[in-house]
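Please open the model in a viewer and keep the sequence panel visible. The tour below proceeds by selection, with a short account at each stop.

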Amino acid sequence: MKSLKAFLLLIGAALLSTSCGFDVSYQSSVKTSTSSSPALTEIAKTDKDPEVRKLAVSKISFSPALTDIAKTDKDPEVRKLAVSKLDFGPALTDIAKTDKDPEIRKLAVSKISFSPALTDIAKTDKNPEVRKLAVSKLDFGPALTDIAKTDNDPEVRKLAVSKISFSPALTDIAKTDKNPEVRKLAVSKLDFGPALTDIAKTDKDPEIRKFAVSKISFSPALLDIAKTDKDPGVRIAALERLSDLN
């Protein structure tokens, strides 16, 4: 009899354990289902309170829903959160080109890896910080050269120049850019003697001429500059460079 009671107790314990395990699993399943429910998307799109919408967005993983929210929500913080959860390139590109908030455009740009899209943004965005971020992610020489020659912000041009390695492009920028800092940066990346000599003889800024002189190794050119430059500092720099070479 005692053995029978013990056996029945064991069966009861096993059943209870199974029941509890099923209940935990079921509750977990409900939570998972709730977290991906269309109800969350509806709340994220329709609730009047942006904090409620943000909380709902934070629980959504369905990319089309996030894309829609990132493009349409009136609150920039809600849009920003939705963008942060996106990884679909075309959607990010569209947001980077159209959102009215430059911070959101920057966030979208930071997640883009498609070079043609980055080039287009780097050339057309109205905000220089957005353009700079796009340029920082580019490595396509012709696009960088075009930006370095045409962008209206010298800081953007400088960043583009810093990524160029094609000597003819650098020479052209060093000779033609209106901003002395941009020209100086281009000169710093040059090692072609005739181009450096030409810049050392013609640039209107004596500091840039001095900088070009410091990179020349052709003695006749240095001697000519030492004799003819109008600025005594440039003439001295040419003589000192000659001394270093001899």
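The stops run from the whole chain to individual helices, loops and side chains.

**Conventions**

This is a predicted model, in which local features need pLDDT of at least 70 and side-chain atom pairs count only at pLDDT 80 or more, whereas totals for chains, interfaces and linings use all residues. Residues are numbered from 1 along each chain as its sequence is written, and side-chain values use heavy atoms, with hydrogens and water left out.

**The whole chain**

Select the protein chain and colour it by secondary structure: 17 helices and zero strands are assigned. Helices (H or I, at least four residues) and strands (E, at least two) are DSSP runs, numbered from the N terminus. Next, colour by accessibility; of the 246 residues, 35% are buried. Buried means under 20% relative accessible area, exposed means over 50%, and partly exposed lies in between (1.4 Å probe, protein chains only). A contact is defined as heavy atoms within 4.5 Å. Among contacts in the chain with a separation of 6 or more, 40% join residues 24 or more positions apart.

**Helices α4 and α5**

Select residues 63–72, helix α4, together with residues 76–84, helix α5. Their axes come within 8 Å and cross at roughly 145 degrees; axes are lines fitted to C-alpha atoms, for helices over the stretch in contact, and angles run from 0 to 180 degrees between N-to-C directions. The crossing of α4 and α5 is left-handed, a term that applies if the near helix is turned anticlockwise from the far one by less than a right angle, with clockwise giving right-handed. At the meeting of the two helices, show L66, I69 and A70 from α4 and V78, R79, A82 and V83 from α5.

Remain on α4 and pick T67. Is this residue buried or exposed? T67 is buried, because its relative accessible area is 12%. Beyond residues up to four places away in sequence, T67 touches L86 and A91.

**Helix α8 and the loop that follows**

Move to residues 115–124, helix α8, and display its buried residues A117, L118, T119, I121 and A122. Which helices do they pack against? Add α6 (89–98), α7 (102–110), α9 (128–136) and α10 (141–150) to the view.

Now select D125, in the loop between α8 and α9. D125 has a relative accessible area of 9% and therefore counts as buried. Its side chain makes a polar contact with the side chain of R105 at 2.7 Å. Such a contact is a pair of N or O atoms within 3.5 Å; within protein, one must be able to donate a hydrogen and the other to accept it, and residues adjacent in sequence count only if both atoms are side-chain atoms. The side chain of D125 also reaches the backbone nitrogen of N127 at 2.8 Å. With neighbours within four places in sequence set aside, D125 is in contact with A96, R105, V130 and R131.

Keep R105 displayed and add E129, in helix α9. The C-alpha atoms of E129 and R105 are 9.9 Å apart, with their positions 24 residues apart in sequence. E129 counts as partly exposed because its relative accessibility is 41%.

**T150 in helix α10**

Select T150, which belongs to helix α10. T150 is exposed, with a relative accessible area of 54%. Its side chain reaches the backbone oxygen of D146 at 2.7 Å. A C-alpha distance of 8.6 Å separates T150 from K123, 27 residues away along the chain.

**Helix α13 and beyond**

Select residues 180–188, helix α13, and centre on V182. V182 counts as buried because its relative accessibility is 0%. Apart from neighbours within four places in sequence, V182 is in contact with P154, R157, K158, V161, I173 and D177. The C-alpha atom of V161 is 7.6 Å from that of V182, at 21 residues along the chain.

Next, show K184 and F211: the charged end of K184 sits over the ring of F211, 5.6 Å from its centre. The rule requires NZ of Lys or CZ of Arg within 6 Å of the ring centre and within 35 degrees of the ring normal.

Finish at D191, in the loop between α13 and α14 (193–202). At 70% relative accessibility, D191 counts as exposed. Between D191 and S217, 26 residues apart in sequence, the C-alpha distance is 9.9 Å.
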